[in-house]
Amino acid sequence: MKRRFRAAVLLLVLTVLLTTVVFADSGPKPQLAVRVVHAPQEAYYLDLLDEGTYTGAYETDETGLDPALLQAFRAAIPSGWHGCISQGSTRAPIWGDLTGQAGENGEMLHTFRYVGVPQTYRILMVTLSGEVFLSDVLQRDTLQSIVTVDWAAKTVEPQPVYRGYALQFLATFVPTLVIEFLVLLLFGFSLRENWKTVLLVNFLTQGLLHGYFALFAVNNGVGPGYFMLFFPAELVIALLEAFIYRAALRGRSKRRAFLCGLCANVCSAALGFFLAEPVWQFVVSIS
């Protein structure tokens with residue numbers, strides 16, 4: 001038993017180290033997608049406005065832009081703000097498109113990404129005929145999010161973040177429960193005698209774990225910081241559940257119950273590693 005226990009711990013430690021190496025130079029970046037419904041039937045520019053006066057730190061590329069519309073757009077920028085793309089970011093590089101991309105039902109999508117995406121911002125739209133819409137001050141609460149501008153109603157509606165939290169939690173917690181029950185059966189334990197124990201233990205341990213990391217993923221993305229916290233937390237949960245199973249599972253030996261808990265958590269941690277980023281990307285795309 002001691003030999004298998006040491007092997008399992010070593011496997012988890014190696015996984016943490018390898019994960020840190022793989023993700024050391026990467027990670028999710030801020031992104032804000034602005035979806036325009038009932039978009040103008042004429043040419044227009046849309047940009048994020050950041051606080052402060054433009055200093056020329058990161059100049060915009062004016063290639064392919066309409067000089068007259070660009071000039072009109074810059075003239076509509078209120079005092080104390082500057083256009084992140086129409087003028088250039090003063091904080092850090094940002095990528096985006098003033099004209100956007102056509103979507104379904106006449107919608108337009110403008111995506112602003114990279115580290116220069118502001119936390120506090122406004123949205124400005126100016127049409128070729130001179131019509132102007134300026135939003136109130138908005139706050140980006142998550143790393144990557146979507147807001148909807150209704151051009152006809154002249155309103156802006158951020159997507160509610162609670163849906164992203166719920167989806168992220170369910171998409172990671174439910175597979176963990178499935179794995180726990182499958183491993184329970186593979187180790188020869190009766191589902192009828194032990195399902196309540198497994199369910200209760202996982203709500204108390206994995207529920208808290210995945211609840212916390214759902215919040216972390218939606219707010220910060222899935223990157224090096226996520227995995228550097230995730231695997232040590234999984235190691236603690238694995239040991240905790242193994243000892244609880246050793247004391248609570250019925251029908252087999254305590255040694256088998258301990259190994260069952262350890263194996264189930266190693267499997268769920270491996271699944272969590274592979275699902276973390278795809279699940280987060282899916283949640284972001286529909287949130």
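## Thr-127 in strand β6

Thr-127 is found in strand β6, which covers residues 120-127. In this predicted model, Thr-127 has a relative accessibility of 1% and therefore counts as buried, the limit being under 20%. The side chain of Thr-127 makes a polar contact of 3.1 Å with the side chain of Ser-129.

Once neighbours within four places in sequence are left aside, Thr-127 is in contact with Pro-40, Glu-42, Ala-43, Tyr-44, Leu-69 and Trp-151.

## Overall composition and confidence

The secondary structure of the protein comprises seven helices and ten strands. Of its 287 residues, 43% count as buried. Among contacts between residues at least 6 apart in sequence, 72% join residues at least 24 apart.

The mean pLDDT of the protein is 81, and 80% of the residues score at least 70. Among the elements, strand β7 (residues 132-134) has the highest mean pLDDT, at 96, and helix α1 (residues 2-23) the lowest, at 43. The pLDDT is below 50 over residues 4-26. Beyond near neighbours in sequence, this stretch has 21 contacts in the model.

## The five-stranded sheet

An open sheet is formed by five strands in the order β4-β5-β1-β9-β10, with mixed pairing. Its edge strands are β4 (101-102) and β10 (155-158), each of which pairs on one side only. In general, strands of a sheet pair through backbone hydrogen bonds, either parallel or antiparallel.

Within this sheet, strand β1 (residues 31-37) and strand β9 (residues 144-150) run parallel and are joined by seven bridges. Gln-31 stands opposite Gln-144 in β9.

## Salt bridges

The structure holds two salt bridges. In one of them, the side chains of Arg-35 and Glu-107 meet at 3.0 Å, N to O. Arg-35 belongs to strand β1 and Glu-107 to the loop between β4 and β5 (108-113), so this pair ties together parts that are 72 residues apart in sequence. Arg-35 is partly exposed, with a relative accessible area of 26%. Glu-107 is likewise partly exposed, with a relative accessible area of 21%.

Another salt bridge joins the side chains of Lys-154 and Glu-131 at 3.4 Å, N to O. This pair links distant parts of the chain, 23 residues apart: Lys-154 lies in the loop between β9 and β10, and Glu-131 in the loop between β6 and β7. Lys-154 has a relative accessible area of 29% and is therefore partly exposed. Glu-131, with a relative accessible area of 36%, is also partly exposed. As a general point, side chains of opposite charge can pair when their charged atoms come close.

## Ile-77 in a loop

Ile-77 is located in the loop between α2 (67-76) and β3 (81-83). Its relative accessible area is 12%, so Ile-77 counts as buried.

Leaving out residues up to four places away in sequence, Ile-77 touches Leu-49, His-82, Gly-83, Ser-86, Gln-87 and Leu-124. Of these partners, Leu-124 stands 47 residues from Ile-77 along the chain, and the two C-alpha atoms are separated by 7.6 Å.

## Helices α6 and α7

Helix α6 consists of 25 residues (224-248) and reaches 36 Å from its first C-alpha to its last. This is close to the 36 Å expected at 1.5 Å a residue. The buried residues of α6 are Tyr-226, Phe-227, Phe-230, Phe-231, Glu-234, Ile-237, Ala-238, Glu-241, Ala-242 and Tyr-245. Two glutamates, Glu-234 and Glu-241, are included in that buried set.

Ala-257 lies in helix α7, which spans residues 254-286. The relative accessibility of Ala-257 is 0%, so this residue counts as buried. Not counting residues up to four places away in sequence, Ala-257 touches Phe-189, Ala-242, Tyr-245, Arg-246 and Leu-249. Among these partners, Ala-242 and Tyr-245 are buried residues of α6. Ala-257 and Gly-188 are 69 residues apart in sequence, and their C-alpha atoms are 9.7 Å apart in space.

Definitions and conventions: Residues numbered from 1 in each chain as written. Heavy atoms only, no water. Helix = DSSP H or I, 4+ residues; strand = E, 2+ residues; numbered from the N terminus. Expected span 1.5 Å × (residues − 1). Buried < 20%, exposed > 50% of the residue type's maximum accessible area, 1.4 Å probe, protein only. pLDDT = per-residue confidence, 0-100. Contact = heavy atoms within 4.5 Å. Pairing = 2+ DSSP bridges. Polar contact = N/O pair within 3.5 Å; in protein donor to acceptor, adjacent residues only side chain to side chain. Salt bridge = Lys/Arg side-chain N within 4 Å of Asp/Glu carboxyl O.
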